[in-house]
Amino acid sequence: RGAVMKSKLWNGGFLRTVLQGLTVTCAALLALSALGAGLTLGGVIGQQQLSAAAVVISFLGVFPGAWLTARHAAGQKPAAIVVGVCCLAVCMLARLLFFGNREAQILPGMLAMLAAAALGGIAGSTQRKPARRRRR
């Protein structure tokens with residue numbers, strides 16, 4: 001029974017859904033990070049507001065991917081959480097590769113990503129998909 005459950009949960013459809021959600025999440029994070037960098041260089045976001053802006057970007061970047069994943073996964077609520085955890089892992093890996101292991105406040109951003117994944121999963125899984133019409 002364990003092998004059946006494993007193959008049912010980690011089948012190609014589930015992984016494809018998670019990877020699509022991760023792609024949307026990474027694209028949203030990249031776009032929002034570029035917007036945040038532009039606002040910072042333009043002087044709209046000050047030095048004291050950088051950490052708050054990073055938390056907002058983390059939350060807003062992960063939420064759409066988690067929401068779409070939960071909506072597409074049809075009843076598999078952990079899919080959105082898996083997207084959030086994978087995105088968190090990608091961001092931490094990129095941080096270590098490009099910035100080294102400098103001390104910084106990363107806990108608020110991590111919590112924002114996980115909270116966005118959880119809320120996106122809840123919001124996406126509670127909405128019903130419209131019924132498809134069958135062609136005859």
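Buried residues make up 26% of the 136 residues in the protein chain. The model on screen is predicted. This tour starts from the whole chain and then moves to helix H3, the cores and a few single residues.

**Whole chain**

Colour the chain by secondary structure. There are 5 helices and 0 strands, and from the N terminus the order of elements reads α-α-α-α-α. Next, show the surface. The accessible surface comes to about 9,500 Å², and carbon and sulfur atoms account for 66% of that area. If contacts are drawn, consider those with a sequence separation of 6 or more: 79% of them join residues 24 or more positions apart.

**Cysteines**

Select Cys 26 and Cys 86. Cys 26 is partly exposed because its relative accessibility is 28%, between the limits of 20% and 50%. Cys 86 is likewise partly exposed, with a relative accessible area of 28%. The structure holds 0 disulfides. Cys 87 is part of the largest nonpolar core, which is visited below.

**Helix H3**

Select residues 50-73, which form helix H3. How does the span of these 24 residues agree with 1.5 Å a residue? The expected span is 34 Å and the end C-alpha atoms are 35 Å apart, so the two agree.

Now mark the buried positions of H3. They are Ala 53, Ile 57, Ser 58, Gly 61, Val 62, Gly 65, Ala 66, Thr 69, Ala 70 and Ala 73. In an α-helix, residues three or four places apart point the same way, because there are 3.6 residues a turn.

Show the rings of Phe 59 and Phe 63, both in helix H3 and 4 residues apart, about one turn of the helix. The count of aromatic pairs comes to 1. The ring centres of Phe 59 and Phe 63 are 6.1 Å apart and the planes meet at 20 degrees, so this pair is stacked. Phe 59 is partly exposed at 27% relative accessibility, and Phe 63 is partly exposed with a relative accessible area of 27%.

Trp 67 is also in helix H3. At 25% relative accessibility, Trp 67 counts as partly exposed. Measure from its C-alpha atom to that of Ala 116: the separation is 8.9 Å, for residues 49 positions apart along the chain.

**Ala 66**

Stay in helix H3 and select Ala 66. Is Ala 66 buried or exposed? Its relative accessibility is 0%, so Ala 66 counts as buried. Expand the selection to its contacts, leaving aside neighbours within four places in sequence. Ala 66 then touches Thr 25, Ala 80, Val 83, Ala 116, Ala 117, Gly 120 and Gly 121. For Ala 117, the C-alpha atom is 5.2 Å from that of Ala 66, across 51 residues of sequence.

**The nonpolar cores**

Select Leu 22, Leu 29, Ile 57, Val 62, Ala 66, Ala 70, Ala 80, Cys 87, Leu 88, Met 113, Ala 116 and Ala 117. These 12 residues make up the largest nonpolar core. Which elements give two or more residues to this core? They are helix H2 (12-41), H3, helix H4 (78-99) and helix H5 (107-126). H3 provides the largest share, with 4 residues.

Apart from this core lies another, of 5 residues, which include Phe 14, Val 18, Ala 73 and Val 83. Ala 73 is also among the buried residues of H3, and Val 83 is one of the contacts of Ala 66.

Return to the largest core and pick Leu 88. Not counting residues up to four places away in sequence, Leu 88 touches Met 110, Met 113 and Leu 114. Of these, Met 113 is listed with Leu 88 in the largest core.

**Gly 84**

The last stop is Gly 84, in helix H4. Gly 84 has a relative accessible area of 0% and is therefore buried. What does Gly 84 touch, not counting residues up to four places away in sequence? The contacts are Val 62 and Ala 117, and both of these residues belong to the largest nonpolar core. To finish, take the C-alpha distance from Gly 84 to Val 18: the two are 9.6 Å apart in space and 66 residues apart in sequence. Val 18 belongs to the other core, of 5 residues.

Notes
Residues numbered from 1 in each chain as written. Predicted model: local features only at pLDDT ≥ 70, side-chain atom pairs only at ≥ 80, totals over all residues. Heavy atoms only, no water. Buried < 20%, exposed > 50% of the residue type's maximum accessible area, 1.4 Å probe, protein only. Contact = heavy atoms within 4.5 Å. Areas by Shrake-Rupley, 256 points an atom, 1.4 Å probe, with all protein chains shown as cover. Disulfide = S-S within 2.5 Å. Expected span 1.5 Å × (residues − 1). Core = buried A, V, L, I, M, F, W, Y, C linked by side-chain atoms within 4.5 Å. Phe/Tyr/Trp six-rings, centres within 6.5 Å; stacked < 30°, edge-to-face > 60°.
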